[in-house]
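Trainee: Hi! Could you walk me through this structure? I'm new to reading these.

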Amino acid sequence: MQAWQVHELGEPSEVMRLQDVQAPTPGDGQVLLKVRAANINFPDVLMARGHYQVRPPLPFTPGVEICGETEDGRRVLANPALPYGGFAEYAVADAAALLPAPDSLDDAEAAALHIGYQTGWFGLHRRARLEAGETLLVHAAAGGVGSAAVQLGKAAGATVIGVVGGAEKAAVARELGCDVVVDRKSEDVVAAVKEATGGRGADVVYDPVGGEAYTQSTKVVAFEGRIVVVGFAGGSIPSPALNHALVKNYSILGLHWGLYNTKNPKLVLHCHEQLTELAARGAVKPLVSERVPLGEAAAAVQRVADGVTTGRVVVVPSLANGAAA
């Protein structure tokens, strides 16, 4: 089979190589899956650079989220068991963790419903306890993680403010349903959010960016507000001033979705059932901006690394090279 492999750490476009390799052999409790679609996530970038908390042995195949097909023809969602990731024709995954792919979504959309939407659901509902009528601020609202949070926030009855970088991403955020869109490249984020909320600020801030975005969050979070720390796509990990949290009376909530798979797997299944129902009635629908063939995966991962994509970019092995759409 063909699979992308990382033999040394660095930028994805430089260290990912497409190779002919043996199909992986499932271990105890694992199944072999034909990859129908593999969603690109920022952890794939970090893994290639050696900056992720999970560091599979070299060489490894990136790709942490797929829609796959079992030997008996079932469509399932899975997190491949590294080092045999999803940017390949076949991957392996733990049988107990497979989730049924929603019938209302195609392969690429289904692949993108998993990590980003689970993270959004746990962040907004389990950690921040977002309520209808509250104001939600989403950083990187046009990206893969942010777009999921926007849709989930709207489905929960919140007023959603999306922060983006650039006019093209602003247009995407509006299409996603943001009530207010702030372009950080041309506007003062803090001033714009305060104006939009009558000076009150946001009840919940969803931050997958870190760095300056986190600093802005602390300035616009409302009384008894909650900042959900999801990741650091901006590359800089902030050091919170806890005296500031005390004086303004807000909460800083960390979210590591992967822990629920071991700490409370039943909750992951419950979340998937909720997401499947939301997808069935059209309340959420993953924004798939590109579907690329397997041969173009490394370039696509690099685009995600460079922050120039919107929504989700999904690798579809059945597509012929040059057939991206």
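Mentor: Happy to; we'll go through some rings, helices and buried residues one by one, and keep in mind that this model is predicted.

Trainee: Cool, let's start with the rings. How many aromatic pairs are there?

Mentor: The count comes to two aromatic pairs. W121 and F122 form one that is edge-to-face, with 5.2 Å centre to centre and 80 degrees between the planes. In the other, the rings of F122 and Y260 have their centres 4.1 Å apart and their planes at 35 degrees, so that pair is tilted.

Trainee: Where in the chain do F122 and Y260 sit?

Mentor: F122 is in helix α4, residues 115–127, while Y260 is in helix α10, residues 260–263. The two are 138 residues apart, so their pair links distant parts of the chain. Together, the ring pairs join W121, F122 and Y260 into a cluster.

Trainee: And are those rings buried or exposed?

Mentor: W121 and F122 are both buried. For F122 the relative accessible area is 0%. Y260 has 15% relative accessibility, and it counts as buried because the cut-off is under 20%.

Trainee: Let's stay with α4. At what angle does it pack against α5?

Mentor: The angle is about 50 degrees, and the axes are 8 Å apart. That makes α4 and α5 oblique to each other, and their crossing is right-handed. On the α4 side you'll find G116, Y117, G120, W121 and L124, which meet A148, A149, Q151, L152 and G153 in α5.

Trainee: What about α4 and α11?

Mentor: Helix α11 covers residues 265–280, and α4 packs with it at about 100 degrees, with the axes 10 Å apart. So α4 is roughly perpendicular to α11. The residues of α4 in this contact are Y117, Q118, W121, F122 and R126. From α11 come L267, V268, H270, C271, H272, Q274 and L275.

Trainee: New topic: which residues have the most contacts inside the largest nonpolar core?

Mentor: Those are F122 and L136, in a core of 83 residues. Another core, of 17 residues, lies apart from it, with V182, A202, V221 and V229 among its members. As general background, nonpolar side chains in soluble globular proteins tend to be buried together.

Trainee: What does L136 touch?

Mentor: Leaving out residues up to four places away in sequence, its contacts include L124, L130, A149, V160, I161, V204 and Y206.

Trainee: Y206, tell me about that one. Where does it lie?

Mentor: Y206 lies in strand β11, residues 202–207. It is buried, with a relative accessible area of 0%. Among the residues it touches are T119, G120, L136, H139, V145 and V228, again not counting residues up to four places away in sequence. Y206 and G146 are 60 residues apart in sequence and 7.9 Å apart in space, C-alpha to C-alpha.

Trainee: Last one: how many residues of α12 are buried?

Mentor: Seven of its nine residues are buried, so to speak of the helix as a whole, α12 (297–305) is mostly covered. The buried ones are A297, A298, A300, V301, Q302, V304 and A305.

Trainee: What covers them?

Mentor: The cover includes strands β1, β2, β14 and β15, along with helices α1 and α2. After α12 comes G307, whose phi is positive, near 75 degrees.

Trainee: Thanks, that helps a lot!

Notes: Residues are numbered from 1 along each chain as its sequence is written. This is a predicted model: local features need pLDDT of at least 70, side-chain atom pairs count only at pLDDT 80 or more; totals for chains, interfaces and linings use all residues. Side-chain values use heavy atoms; hydrogens and water are left out. Buried means under 20% relative accessible area, exposed over 50%, partly exposed in between (1.4 Å probe, protein chains only). Helices (H or I, at least four residues) and strands (E, at least two) are DSSP runs, numbered from the N terminus. Contact means heavy atoms within 4.5 Å. A nonpolar core is a set of buried Ala, Val, Leu, Ile, Met, Phe, Trp, Tyr and Cys residues joined through side-chain atoms within 4.5 Å. Rings of Phe, Tyr and Trp (its six-membered ring) pair if their centres lie within 6.5 Å; planes under 30 degrees apart count as stacked, over 60 as edge-to-face and the rest as tilted. Axes are lines fitted to C-alpha atoms, for helices over the stretch in contact, and angles run from 0 to 180 degrees between N-to-C directions. Angles under 35 degrees count as roughly parallel, over 145 as roughly antiparallel, 65 to 115 as roughly perpendicular and the rest as oblique. A crossing is left-handed if the near helix is turned anticlockwise from the far one by less than a right angle, and right-handed if clockwise.
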